[in-house]
Amino acid sequence: MRRMGRFLLACMALVALAAGVPAFAGTATAPDTSGIKIDGEYGPWLPPNIAANDNAHKVDLLIDVVHVFMVVLFVGWGIFFVYCLVRFRARPGHKANPKPVKGKVSKYAEIGVALFEAGLLIGISVPVWASVKNDLPLDKNPVHVRVVAEQFQWNFHYPGPDGKFGPTSPEFLDTATNPVGVDRSDPDGKDDIVISEFHIPVNRPVIVQISSKDVIHSFFVPVLRIKQDAIPGMSIPVWFEAGKTGNYEVACAQLCGSNHYSMRAVMVVESAEAFEAWVAEKSKPPEEFDDDDL
Ligand SMILES: [Cu+2]
């Protein structure tokens, strides 16, 4: 009986952990390594959600529903398991009956679970993913950014004030000065910005085209519930909209090599004016060397 008590206690602790009860789960602080200051409180459950569009909130709804559903299933099956242990325990005068059970309860329960899961998939998952991937808000004056991953950093390529990306080619690649190989001699490439800090304006849609120079990485912005693999040879669009200014984390969510853990960037969400000023400043050509400065 003591063993049974320990088993029940372990079950309760697991259920409490799954449900995120602070007494069991504790609280985590926002990660703050490599000098990146991250805004927003990380509680015992999900990271803060700063998205201004619906998709990220539907992702949270899906995570909540799935976890509550898992707790219900876990507790339900746990109770049934304990019931079976007690009800069918070996004892004098009882013989095991190998004949299958004829009752239909378990069959209907399984069908119910499958239907509920199908509802989640068809009702939430597929529409949200279709929106993130297909319904690009091209008519809402979006910001376009190319995201190019490499071991072990994120490169963000902005078209600059002219709104046109300059052509890129491996022949212009230079790890230190031109990590995405922009053709600076092309008129469209002269004002392009290539930088390791991700700046976006608040309350304006952003469309990122995600790619990689080497292995498969994964562009992960926890506070926007965005996660998309970066695959060499492909340019994959994803859109989102941030509704709160601040500094937030961009991480790599794909084990991409020995320094994968350090593949982070900061996402600065700022006002429209601050963003325009940042673009204007960063797109200035480097100042000409002047003999008079000597
Ligand atoms: Cu990576």
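**Reading the model: questions and answers**

The protein chain has 5 helices and 10 strands. Helices (H or I, at least four residues) and strands (E, at least two) are DSSP runs, numbered from the N terminus. This is a predicted model: local features need pLDDT of at least 70, side-chain atom pairs count only at pLDDT 80 or more, and totals for chains, interfaces and linings use all residues. Residues are numbered from 1 along each chain as its sequence is written.

Biologist: Why is Asn141 called exposed?

Modeller: A residue is exposed if 12 or fewer other C-beta atoms lie within 10 Å of its own, buried if 20 or more do, and partly exposed in between; C-beta atoms are placed from the backbone. Asn141 has 8 such neighbours inside 10 Å, so Asn141 counts as exposed. Asn141 sits in the loop between helix 4 (105-134) and strand 1.

Biologist: What makes Asn203 partly exposed?

Modeller: The count again. Asn203 has 14 C-beta neighbours inside 10 Å, and therefore counts as partly exposed. Asn203 belongs to the loop between strand 4 and strand 5 (206-212).

Biologist: What stands out in the backbone of these two residues?

Modeller: Phi. Most residues other than glycine have a negative phi, and most peptide bonds are trans. Asn141 has a phi near 50 degrees, a positive value. For Asn203, phi is near 55 degrees, also positive.

Biologist: Which peptide bond is cis?

Modeller: The one from Gln151 to Phe152, with omega near 0 degrees. Phe152 is in the loop between strand 1 (143-150) and strand 2 (153-158). A hairpin of 2 residues joins strand 1 to strand 2.

Biologist: How do you know that strand 1 and strand 2 pair?

Modeller: Two strands pair if DSSP finds at least two bridges between them. Strand 1 and strand 2 have 5 bridges, in the antiparallel sense. One of the pairs is Arg146 with His157 in strand 2.

Biologist: How is strand 1 paired with strand 5?

Modeller: In the parallel sense, over 7 bridges. Val148 stands opposite Ser211 in strand 5. Strand 5 also pairs with strand 8, in the antiparallel sense over 5 bridges. There, Gln209 has Pro237 of strand 8 as its bridge partner.

Biologist: Why is the pairing of that sheet called mixed?

Modeller: The open sheet has 5 strands in the order 3-2-1-5-8, with mixed pairing. Strand 1 pairs parallel with strand 5, but antiparallel with strand 2.

Biologist: What makes strand 3 and strand 8 edge strands?

Modeller: Strand 3 (193-195) and strand 8 (236-240) each have a single partner strand, so one side of each is left without a neighbour in the sheet. Neighbouring strands of this sheet are turned by 25 degrees against each other on average, direction ignored.

Biologist: Which strands are at the edges of the sheet with the order 4-10-9-6-7?

Modeller: That open sheet has 5 strands and mixed pairing. Its edge strands are strand 4 (198-201) and strand 7 (226-230), each pairing on one side only. Strand 6 (217-221) runs antiparallel to strand 7, and 5 bridges join them. Phe220 has Lys227 of strand 7 as its bridge partner.

Biologist: Why is helix 3 called roughly antiparallel to helix 4?

Modeller: Helix 3 (54-87) and helix 4 pack at an angle of about 160 degrees, with their axes 10 Å apart. Axes are lines fitted to C-alpha atoms, for helices over the stretch in contact, and angles run from 0 to 180 degrees between N-to-C directions. Angles over 145 degrees count as roughly antiparallel, under 35 as roughly parallel, 65 to 115 as roughly perpendicular and the rest as oblique. The angle therefore makes helix 3 roughly antiparallel to helix 4. Residues in the contact include Leu62 and Phe69 of helix 3 and Phe116 and Leu120 of helix 4.

Biologist: What makes a set of residues a nonpolar core?

Modeller: They are buried Ala, Val, Leu, Ile, Met, Phe, Trp, Tyr and Cys residues joined through C-beta atoms within 7 Å. The largest such core has 37 residues, and Val147, Leu224 and Met267 touch the most other members. Strand 9 (246-252) gives the most to this core, with 4 residues.

Biologist: Which residues does Met267 contact, leaving aside its neighbours within four places in sequence?

Modeller: Phe198, Ile200, Val221, Tyr248 and Val250. Two residues are in contact if their C-beta atoms, placed from the backbone, lie within 7 Å.
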